[in-house]
Amino acid sequence: MSEMANESTGRAQQAGQTAKQEASATAGQAREGASQVVGTATDQVRAVTGEARAQAGAIAGDLRTRVTEEAEGQTRRGAQVMRQWADDLAGLADSADADSPARSLVTQAADRGHRAADYLDSRGVGGLVDDLQDFARRRPGAFLGGAVVAGIAVGRLAKADGSGPGRSAQPRTSGSRSLSEDAAPPGLPGHGEV
């Protein structure tokens, strides 16, 4: 029986060695497979990231082009409106009396309007932005002061237009308001006491 026990123990040890070697080989293959999966995943992430960057760049370029085209269109329309106003002012000046002091002012305003419209047509948005940046670099105080004045003017126009906050949608009434005798405070004429 001891020989059988030795033989059984030897087989068990040999089976254990074989299992150990197979487990080691399987673990090696698993590590190699995992390494390949990680490498493939890394390559896929790089490819997706590169594609996303390319598409984002294309979208940004398209958006920049659209904004530029829209700004150029708005500038052309602004130049047309300014030219029309200048033409209207020139017509007003032509129909005014020759010795009228307002005629020279209106003529000057029309000339300046024509020059501004020509400037916008020739320089466009890019030239306007370049000139504003140049002015801001040369005279920052004047630029900031002009920006403040323009902001106040726009705010006042918006408020006068009725689009300002806290404005009611009630129509304005013109003419003088008269207080009825019942609405007048005591001691004022119209309330019975003088």
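The expected span of a helix is 1.5 Å times one less than its number of residues. Keep that in mind for helix 2 of this predicted model. Helix 2 covers residues 101–138, and as a straight helix of 38 residues it would span 56 Å, yet its end C-alpha atoms sit only 36 Å apart. What is found at Gly-124 in helix 2? A kink of about 100° is centred on that residue.

Now for the wider picture. The protein chain is built from 3 helices and 0 strands, so its elements simply read α-α-α from the N terminus on. Just 7% of its 194 residues are buried. The accessible surface adds up to about 15700 Å², with 57% of that belonging to carbon and sulfur atoms. Among contacts with a separation of 6 or more, 42% link residues that lie 24 or more positions apart.

Back to helix 2. At its start, a side-chain oxygen of Ser-100 comes to within 3.3 Å of the backbone nitrogen of Ala-102. Its buried residues are Ala-110, Gly-113, Ala-117, Leu-120, Gly-124 and Gly-127, so the residue at the centre of the kink is also on the buried list.

Two of those buried residues, Leu-120 and Gly-124, turn up again around Thr-75, which belongs to helix 1 (residues 2–95). Setting aside neighbours within four places in sequence, Thr-75 is in contact with Leu-120, Gly-124 and Val-125. Is Thr-75 buried or exposed? Thr-75 counts as buried because its relative accessibility is 12%, and the cut-off for buried is under 20%. Its side chain also reaches the backbone oxygen of Ala-71, at 2.8 Å.

Terms used:
Residues are numbered from 1 along each chain as its sequence is written. This is a predicted model: local features need pLDDT of at least 70, side-chain atom pairs count only at pLDDT 80 or more; totals for chains, interfaces and linings use all residues. Side-chain values use heavy atoms; hydrogens and water are left out. Helices (H or I, at least four residues) and strands (E, at least two) are DSSP runs, numbered from the N terminus. Buried means under 20% relative accessible area, exposed over 50%, partly exposed in between (1.4 Å probe, protein chains only). Contact means heavy atoms within 4.5 Å. Accessible areas come from the Shrake-Rupley method with a 1.4 Å probe; for residues, only the protein chains shown count as cover. The bend at a residue is the angle between axes fitted to the seven residues ending there and the seven starting there. A polar contact is a pair of N or O atoms within 3.5 Å; within protein, one must be able to donate a hydrogen and the other to accept it, and residues adjacent in sequence count only if both atoms are side-chain atoms.
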